[in-house]
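Welcome, and thanks for taking a look at this one with me. Below are a few numbered notes to help you find your way around.

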There are 2 protein chains.
Amino acid sequence: SASDESNSSPTAEVSRGAYLPLDTFARRHIGPTSDATEQMLKALDPPVKSLDEFVQQVLPSDILSSKDLEIDAARSGGEEGYTESQLLARLKSIASKNTIARSYIGCGYAGTRVPEVIKRNVLEGPGWYTSYTPYQPEISQGRLESLLNFQTLVSDLTALPISNASLLDEPTAAAEAMTLSLNALPTPRQKNKNKTYFVSHLVHPQTRAVLQSRADGFGIRIEVGDVLADGGKRIKELGSDLVGVLVQYPDTEGGVEDFKGLADIIHEQGATFSVATDLLALTVLTPPGEFGADIAFGNAQRFGVPFGYGGPHAAFFAVSDKHKRKIPGRLIGVSKDRLGDRAMRLALQTREQHIRREKATSNVCTAQALLANMSAFYAIYHGPQGLKNIAERAINGARIIEEGLRTLGFETGSRGKGEDGRVLFDTVVVNVGQGKSDEVLAHALDTYKINLRKFDDSRLGITIDETVDIEDLHDILSIFKKFAKSAKEIKIDQIIASLPGNGTLPIPAALKRTSEYLTHPVFNSHHSETELLRYIHHLQSKDLSLTHSMIPLGSCTMKLNATTEMAPITWPEFSSIHPFAPPDQATGYKMMFDELEADLAKITGFDAVSLQPNSGAQGEFTGLRVIRKYQEQQPGKKRDICLIPVSAHGTNPASAAMAGMRVVTIKCDTKTGNLDIADLKSKCEKYSEELGAIMITYPSTFGVFEPEVKAAIDIVHQHGGQVYMDGANMNAQIGLCSPGEIGADVCHLNLHKTFCIPHGGGGPGVGPIGVKSHLAPFLPGHPLVATGGEKAIAPVSGAPWGSASILPISWSYIKMMGGRGLTHATKITLLNANYIMSRLRPHYPILYTNVNSRCAHEFILDVRGFKETSGIEAIDIAKRLQDYGFHAPTMSWPVANTLMIEPTESESKEELDRFINALISIREEIRAVEEGKAPRENNILKMAPHSQKDLLIGEWDRPYTREQAAYPLPWLKEKKFWPSVTRLDDTYGDMNLFCTCGPVDAVDEV
Amino acid sequence: SASDESNSSPTAEVSRGAYLPLDTFARRHIGPTSDATEQMLKALDPPVKSLDEFVQQVLPSDILSSKDLEIDAARSGGEEGYTESQLLARLKSIASKNTIARSYIGCGYAGTRVPEVIKRNVLEGPGWYTSYTPYQPEISQGRLESLLNFQTLVSDLTALPISNASLLDEPTAAAEAMTLSLNALPTPRQKNKNKTYFVSHLVHPQTRAVLQSRADGFGIRIEVGDVLADGGKRIKELGSDLVGVLVQYPDTEGGVEDFKGLADIIHEQGATFSVATDLLALTVLTPPGEFGADIAFGNAQRFGVPFGYGGPHAAFFAVSDKHKRKIPGRLIGVSKDRLGDRAMRLALQTREQHIRREKATSNVCTAQALLANMSAFYAIYHGPQGLKNIAERAINGARIIEEGLRTLGFETGSRGKGEDGRVLFDTVVVNVGQGKSDEVLAHALDTYKINLRKFDDSRLGITIDETVDIEDLHDILSIFKKFAKSAKEIKIDQIIASLPGNGTLPIPAALKRTSEYLTHPVFNSHHSETELLRYIHHLQSKDLSLTHSMIPLGSCTMKLNATTEMAPITWPEFSSIHPFAPPDQATGYKMMFDELEADLAKITGFDAVSLQPNSGAQGEFTGLRVIRKYQEQQPGKKRDICLIPVSAHGTNPASAAMAGMRVVTIKCDTKTGNLDIADLKSKCEKYSEELGAIMITYPSTFGVFEPEVKAAIDIVHQHGGQVYMDGANMNAQIGLCSPGEIGADVCHLNLHKTFCIPHGGGGPGVGPIGVKSHLAPFLPGHPLVATGGEKAIAPVSGAPWGSASILPISWSYIKMMGGRGLTHATKITLLNANYIMSRLRPHYPILYTNVNSRCAHEFILDVRGFKETSGIEAIDIAKRLQDYGFHAPTMSWPVANTLMIEPTESESKEELDRFINALISIREEIRAVEEGKAPRENNILKMAPHSQKDLLIGEWDRPYTREQAAYPLPWLKEKKFWPSVTRLDDTYGDMNLFCTCGPVDAVDEV
Ligand SMILES: Cc1ncc(COP(=O)(O)O)c(C=O)c1O
Ligand SMILES: Cc1ncc(COP(=O)(O)O)c(C=O)c1O
Ligand SMILES: O=C([O-])O
């Protein structure tokens, strides 16, 4: 089998047997060895003889694939994957087909120097990239602090009090701003038929396109125009139809306008003022919060995150105080722990879509934590003055270009310049003469390997970034020299000398930032590499990640993120490409996309794939939009009903609502957890004319392969509905069955679950969708780069292929596993879950299994009964697990007060045994309470988790010992991971919402 | 100044002021900002106005350089260094001049696949590379365990019970084997004039050359010949002249001989039998320990460490039980801690050269810990069966080549083949016909980018390694096809099918390994990437490194190892070059060497530099050999006296002895610590005719710039002596003064101290020497690659440029700092030391300062008095510092029971203050004992360090609280680093010497 040490493969030609490559991957990815697999099969309840027999007990026979999965890969007809070295060699050759040019295109993306210390220790540090969203704050204080730093950075620079911990990208942040604006309206106005979102024509084109895709579902009309024209006349005209206004600052053409007056006009209409902005610019320009903006957002990419051909980068989003409880995405808040010490956590989780379902105002879940952390560290490393230096240098660079172009006889221009008529930020627009744009662009590329932005036939844009050195300025001007009327030599030194102010920036008072920012010590203490290195490692040391132990989060698939998969993402051939670079500079990317799409299509049984959505929830929204577009073209009624089982993940109904669908809930059988087919049938009949889609998760969110899935799908199809499959649980299917074969029409995949993109502490992710051929024409397009179907829906991400630079991870995983390895991984993922379940069954009730007493890749531990017998709840077990060195399973989802366990195939039997023993030991601790040997309060579970301080400071008056608290099992004495704080006080935190670093207290003085 | 945030530079042209690059390096490398510098100058005792005035108080005026240091670098005439991005761009362009070919040269180096998980997490992990030699075992259990794994690996594979924790390279290991053989003889035989070390002619040529360089000093005659000839006749002839015999197994031509009989013959002469071997081969061949070898050693490089153009890699060295207390290098031993728990430590430190001085049998100090760890993890990842698979595949590959060559009509051959006449390991020798070698080599390179080994005009060697795939085998045979008589097509599949045994290896019984190896669980539990990743991180979590806090080890210069310096060493252009590849494939390397040599020459004031020695101690030996060679050519007596001050580092006298010099000690003034000039004078006069050299360290090992250094040097020169300067303290000199200007003739540098090569937990290091022009002709050469002076001494390392692949670190450091940055760093290093000293002076006596009450870059805290007042000794303070999160200063060197503190320029004022406050707090803890408030035993210092287990398990009956033990200062509650064990029991460990992983106990069951 694929996990065998011997590397022997029954299908390999006998004669090659003596000389097979040895650095095969599947056995490194999959935890249990073949010996362990045998032992585990025997230990199952009931035991089983072989892996294949076991699989037949888990999956309904009518969905089992009849053919073997074959991946187009190096060895043995696609069954065996590439070895690790073959993979890297092949990917290097693909990467080398990309062209690394100097891209001064701008349009929301700017070149940046990633400090090497951040690249190595954060982006390339498994301690950072393998952790999960910080749902368990006691073992996540490191990244919580880092994300709080990010929020403080954003809040300080935008001058708005509340910032979230990142969104997916600037255009989706714009969409969130629009939605928030809508929700901020009085309810009657929200229902207004003519409600209009007014967007400046100087907002980036990709943002306008994504807004369009999001506006449809909410029934909002997007109007694009000159918001400042005639003193804001149009805004006044819109009056109560106005949802909000969006401007870009600095704008897409580099202009910087004074919006002070505008805010008042917007607010007079009772609408919300949103500003898409650039954090770097805000070090020198008046921040949005000081000119009346209610919302400011943008892309933090230029803070130390490479282009990556479009992503991932962290978008930021900040709001004024009155919107703080409506802010989308995750919000880190400061609270305190049981000991009263300052501690951070995810705040206001009750707002989250997984609880609010279709009433959620946003479906964002996975965001861009890792990249937000990188940007925060970048700001910490440079500090306020360092950032300002970078901004001023960019402005100087732009002014040098502007002056040089003028000297060469070109007309430059954009609105909102300084008093001296010069640009106020990093972008210059130049007129090269009617019909001349392409010629100049071609010359720039051929002679200088430089990309500029094409606005139209005569206008080009040049955006100066941190990487532009004086030689680059010279090259930029040299491009234009060829087309100049003047024959003057370009002398940068002379141009600099001729600039007024000699390096000081004459910014008009109204636009000049005067307020302080980043005054907190964290931004003023880590400017040497040694200090930053230690700060990064200090934060990392507080966080539990896959470098420590398994993270058995149900529905999250925390598997190995192999180093060979991760290494290529920092190759310059992948990281240095601007998303709007000419497509022929991304030939390698294209090749990799095509192969990945083909592989994912094969794996899922679909005909076409879009890689654009950059999270699972985005995938859902995209899939539903595609379905709606398809249904629109069907004869008959408007099909806008979306059936969703009660057990669905909250993003499902939230996405459906956002796509403008009406959600109808389908019951589940309370005994088996399966879809209530009778209920489904009756709802289908009831809404037969209006039925748009059903959203189902398979295996179900209860962790079982429902036997009737095909029947359910047939019913929906019979009534004209499309079947959307939530692919979060795809890890249980690969090679054994597929959404396409089962009958789904669309499915999203979480590449950050099933396909090894690390979770990054809460992102990045990628949520591609696969579709049957009838839906392929609608796959999302892009305004600037050709992609998607012929009848493409508007884009759902700012970049044509979303988070392109992390796609090599999934590509590599698939290619190295091969069809055989992938299929074996699925079997082991099922085995691992069933092994834990079998061993725990004597100790805990299990909520749902199939008729053969098997679960799928995850299962639910039913701990609800302990509430009565001992007062112990799921949260107490979750927190106590931290004392045993484990991350808790998924808590209270999909069933309140239960624990859902998903081990993945990457965990070895030894690790599973440690985890099982921890849970058995906890069961005994519960029993002690049940039997009155330990009190119902103040017991070892209620007091969990135990931090070092908790055990070491002061007197000890608990009914258990310090040793029991810290070392409940012997191996913990050798390998102990410590929660850095005691249990968090959630209520306190939400009541006293505090989301920036805040005043310096004792803790910060370290 | 260079550390300024503003990046402004007074010398930069004004007009460029508006557009300076911002990613300057010096301010990242240097800890204190300019504000902090001001504060520190004021806080000095006595205070001083400016940094320059301060410097004048530290250095004698007669040695201060009159001119500014200029480095040939990018900006502003060499004063400003490259920025980080400029550096990487320049180095990439240099690197691209190297040619990456497939090198099947063998000769002690074989291609290997570095598992990506090991590369990223160990080689590229600052937690591993920034730690120091594990002198403080309680905060080093991670790397101690890893090195113990290395020792177990070596011991198991060689079947010899005791292995050390690495040596520098295989040839120096051979030299150590020879020395050990000498020392194992009865004393009279050691003095034998005809003593002969008999070396097989089938030992690698570079090993033979290095043996020659080492034999001279010991008066040993090297005889090279056929050791097996006529049943060992020559060995018997040598009789009591025989020191020992050295063979290579498998030999340099790939032959595998049965040496069982030979061992007996050697032992009959009372001599020692040493075997240079290959760990991979020992998975399939009878290990040396089983055929009578007393010593086995070799290069562990092919266990996951890249070529690196020669190094660094770990050499291994194992001995039979009777030699265990004589084994050179560091030895990890298992002992127990205060609680009786198993814990590891450096064993038998009393043997070490820093204690034994000229009686030491070896001078090895820094070795190859980081690379030994990589090799250990490689073995752990593959496990016994995986390693065997790799070995068998290499053999199969060689047999395929052999068979293919025969089919093509070539004669292949070497001694000691299998019964079927085929090769028994990885190397095939082929005869291409008289005078044909070069033509075949050229064709191999031009058409296939393949390097083979040239033995002579007609014979070539091909060594098959782990990276050789079936396509590579095809290419290798294709090279020869062009020169073949036969016109047969090469069909690898057919060749494989035709091999007898079809993939099973018919190894003759006498040569076939039958014993088990690597049976310990550590080698059988981490074969999945997840398990290995966690094991690596678990070990790392136990170790204090520069990622945590300052490591104030006097004489060790633990400064920042910047990521930009580190990144290039894993570029394939540097890591994939075989050391004996044709020089024109290493053009980039050559360029970098030349520039580094030029920069080091400028910095040290010398005329020529050799980069060959791969440690400081090796540099000493090389420098002294160069001096001896020079002196030999001077008229008059044999000048073999070496004057060495009592304060010298122990490697100085050890190296002098090894170079065959007689050591005469010079006194130091007990009040000032300065050289006793009167004593120097009288010794010079006494030995005037025989005076070879003096070795001095400057500033002295007491941390003071001696005022009379020039006078001392003059005296030595007057008497015909050469002046050797130990450059360990070069960090105090750069840009302010230089050994050359002061008058030294030779000096070694520790690039792993002053020039930012990380210490790697005990290596790698590089110890280049600089010399005045009269010594340049003698710089070491190499038998296979042209290097060194015209009258070169024999090589001191196996590779022509020693540890070439880490030289980019120092090159980068120098180029990024520029002359100005380097000089500023020196000033700050002096300031940092004096700041700590000034702040501690009210609390502790300081041992030596100059007349202005200043120290140099380090100083000695005199804690000897506490012994009487409180029973507290230096070790108690050192261990208690661990509780405060700090590594101890250098303990008991150069003065027993004192602490020597060196902060380096990379530490910020904030970190210095934390360290100072810790020492002040410890002083108060001592005072409590002095005042009887705490007992003389069982107090917080004597019980230090405190591990978690110590504080959490069982009852508490100490006169201090757990909180005092763990959190003596408030900030420790936020940032605590824990010793993982309590104080080690040194005596127990040395009495019960145990140096492999050993039987599985509770701890190992984790
Ligand atoms: C079943 C299910 N659907 C959808 C999602 C949303 O995915 P994402 O977080 O990538 O938006 C999740 C996330 O855990 C999930 O478990
Ligand atoms: C003064 C001095 N000389 C020589 C050495 C030996 O250097 P290495 O460990 O590189 O052999 C040291 C090492 O600490 C030292 O401090
Ligand atoms: O909401 C989740 O990320 O599961």
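**Notes for a first look**

1. Let's begin with the surroundings of ligand 1: sorted by class, its shell holds three nonpolar, eight polar and three charged residues. Please keep in mind as you read that this is a predicted model.

2. Which residues should you click on to find ligand 1? There are 14 residues around ligand 1, and the closest are Thr366(A), Ser555(A), Gly616(A), Asp726(A) and His752(A). Helix H22 of chain A, residues 616-632, gives the largest share of this shell, with three residues.

3. Now for the polar contacts of ligand 1. In the side chain of Thr366(A), a polar atom sits 2.6 Å from an oxygen atom of ligand 1. The side chain of His752(A) likewise has an N or O atom 2.6 Å from an oxygen atom of the ligand. For Asn750(A), the distance from a polar side-chain atom to a ligand 1 oxygen is 3.1 Å. On its own, ligand 1 has 390 Å² of accessible area, and the protein covers 98% of it.

4. Over to chain B and ligand 2. Here, too, the shell counts 14 residues, and those that come nearest are Thr366(B), Ser555(B), Gly616(B), Asp726(B) and His752(B). Helix H22 of chain B (residues 616-632) supplies three residues, the largest share of the shell. By class, you will find three nonpolar, eight polar and three charged residues around ligand 2.

5. Some polar contacts of ligand 2 are worth a visit as well. An N or O atom in the side chain of Ser555(B) is 2.6 Å from an oxygen atom of ligand 2. Gly616(B) takes part through its backbone, where a polar atom lies 2.6 Å from a ligand oxygen. The side chain of Asn750(B) places an N or O atom 3.1 Å from an oxygen atom of ligand 2. Ligand 2 taken alone exposes 390 Å², of which the protein buries 97%.

6. Finally, how are the two chains related? A rotation of 180°, with 0.0 Å of shift along its axis, lays chain A on chain B with an RMSD of 0.0 Å. The axis is therefore a two-fold one. Both copies use the same surface, as 100% of the contact residues of chain A recur in chain B.

7. If you would like a landmark for that axis, try Leu952(A): among the residues of chain A, its C-alpha comes closest to the rotation axis, at 3.8 Å.

Key
Residues are numbered from 1 along each chain as its sequence is written. Chains are lettered from A and ligands numbered from 1 in the order in which they are written. This is a predicted model: local features need pLDDT of at least 70, side-chain atom pairs count only at pLDDT 80 or more; totals for chains, interfaces and linings use all residues. Side-chain values use heavy atoms; hydrogens and water are left out. A residue is near a molecule or strand if one of its heavy atoms lies within 4 Å of it. A polar contact is a pair of N or O atoms within 3.5 Å; within protein, one must be able to donate a hydrogen and the other to accept it, and residues adjacent in sequence count only if both atoms are side-chain atoms. Accessible areas come from the Shrake-Rupley method with a 1.4 Å probe; for residues, only the protein chains shown count as cover. Helices (H or I, at least four residues) and strands (E, at least two) are DSSP runs, numbered from the N terminus. Ala, Val, Leu, Ile, Met, Phe, Trp, Tyr, Cys and Pro count as nonpolar, Asp, Glu, Lys and Arg as charged, and the others, Gly among them, as polar. Copies are superposed by least squares on the C-alpha atoms of residues with pLDDT of at least 70 in both. Contact means heavy atoms within 4.5 Å.
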